[in-house]
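Here is a note for a colleague who has not yet looked at this structure. Please read the points with the model open beside them.

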Amino acid sequence: MTATSTFEYLMGNPPPSASGHEPWLAKAFTDAIQDGGRQPDNPAAAYLGGLTAAAIVDGRAIADSFTLDPAGRLVVLVPDRQILTADARAVLPDMVPRHEAVETVHHAVLMLSRLRDLSGFPRGLGVDHLHEKYRRSLFPESEEILSVMRAAGAATACMSGSGPTMLAICHQDVAGNVRDAGERAMRESNVPLRFADLLEPDFSGLRVGGKRFRAGESAA
């Protein structure tokens, strides 16, 4: 579920009685996650903005936001190829080794803290054993491209969702170098580039009728 589709869902059919926005938006946020088993991470980011985490807790959608280094930038590389979500899910195993699951959780939790200040982001943080190494078979060139972006100064780099988009998080001082290195690696790997972009994080969150839901406000 993309941020765009989440926004359209929230904006699509507000109930006539919604004179104030927050109650029905909070319900729409929960419904957007739970309808069809959708995951909570993308709706949370669209609703709150900034760096977010979300989960279903006792059947209730809970989301929160965290401080993100204001000098952080996102390098996005979109190859001119397609990976179907169904195919990306099909290559995932039903079970993973315990130590790999534990290490992935440890990295995810520590990243929430270290993304507050990218100058102290440890090289190598961001290990993901749960999906990326399995989905690499659908886009084998991605491993080298992501490695090149890390070597160019990215704090971390990964596949975005099921791919094939690649994402690097970096300080603004090296963002241009990371983007250029990624584009060059794609050319050398003979991977056609659809587009590349250098983005600033959106901290404003969802706005409806002039009301802003900023990062830091609870969505529950």
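**Notes on salt bridges, cores and one buried arginine**

1. Glu100 and Lys133 form a salt bridge in which the closest N and O atoms are 2.8 Å apart. Glu100 belongs to helix α5 (residues 98–114) and Lys133 to helix α6, so this pair ties together parts that are 33 residues apart in sequence. The model is a predicted one.

2. The two partners of that bridge differ in burial class. Glu100 has a relative accessible area of 11% and is therefore buried, the cut-off being under 20%. Lys133, with a relative accessible area of 32%, is partly exposed.

3. The salt bridges in the model number 5. Another of them joins Arg81 to Glu141, with the closest N and O atoms 3.1 Å apart. Arg81 sits in the loop between β3 and α4 (85–90), while Glu141 sits in the loop between α6 (132–135) and α7, so the bridge ties together parts that are 60 residues apart in sequence. Arg81 is partly exposed, at 29% relative accessible area, and Glu141 is partly exposed as well, at 23%.

4. Arg136 also forms a salt bridge, with Glu143, and here the closest N and O atoms are 3.8 Å apart. Arg136 has a relative accessibility of 26% and counts as partly exposed. Glu143 is partly exposed too, with a relative accessible area of 46%. As background, side chains of opposite charge can pair when their charged atoms come close.

5. Is Arg73 buried or exposed? Arg73 has a relative accessible area of 13%, so this residue falls under the 20% limit and is buried. Arg73 is placed in strand β3, which covers residues 72–79.

6. What does the side chain of Arg73 make a polar contact with? The partner is the side chain of Gln172, at 2.9 Å. Gln172 also appears among the residues in contact with Arg73 once neighbours within four places in sequence are left aside. That list further includes Ala168, Ile169, Cys170 and Ala175, and also Leu198, Leu199, Glu200 and Pro201.

7. The largest nonpolar core has 19 residues, and Ile145, Met149 and Met166 touch the most other members. Two or more residues of this core come from each of β3, α7 (142–151), β4 (156–159), β5 (166–171) and α8 (175–188). Helix α8 gives the largest share, 4 residues.

8. Met149 can be followed through its contacts, again leaving aside neighbours within four places in sequence. The residues in contact with Met149 are Val75, Leu77, Ala154, Ala157, Met166, Ala168, Val178 and Gly182. A second core, separate from the one above, has 9 residues, among them Leu68, Leu115, Leu125 and Ala155.

9. Some totals complete the picture. The protein has 220 residues, of which 36% are buried, and its secondary structure comes to 8 helices and 8 strands. Among contacts with a separation of 6 or more, 65% are between residues 24 or more positions apart. The exposed area is about 12,100 Å², and carbon and sulfur atoms supply 50% of this area.

Conventions. Residues numbered from 1 in each chain as written. Predicted model: local features only at pLDDT ≥ 70, side-chain atom pairs only at ≥ 80, totals over all residues. Heavy atoms only, no water. Buried < 20%, exposed > 50% of the residue type's maximum accessible area, 1.4 Å probe, protein only. Polar contact = N/O pair within 3.5 Å; in protein donor to acceptor, adjacent residues only side chain to side chain. Contact = heavy atoms within 4.5 Å. Areas by Shrake-Rupley, 256 points an atom, 1.4 Å probe, with all protein chains shown as cover. Core = buried A, V, L, I, M, F, W, Y, C linked by side-chain atoms within 4.5 Å. Salt bridge = Lys/Arg side-chain N within 4 Å of Asp/Glu carboxyl O.
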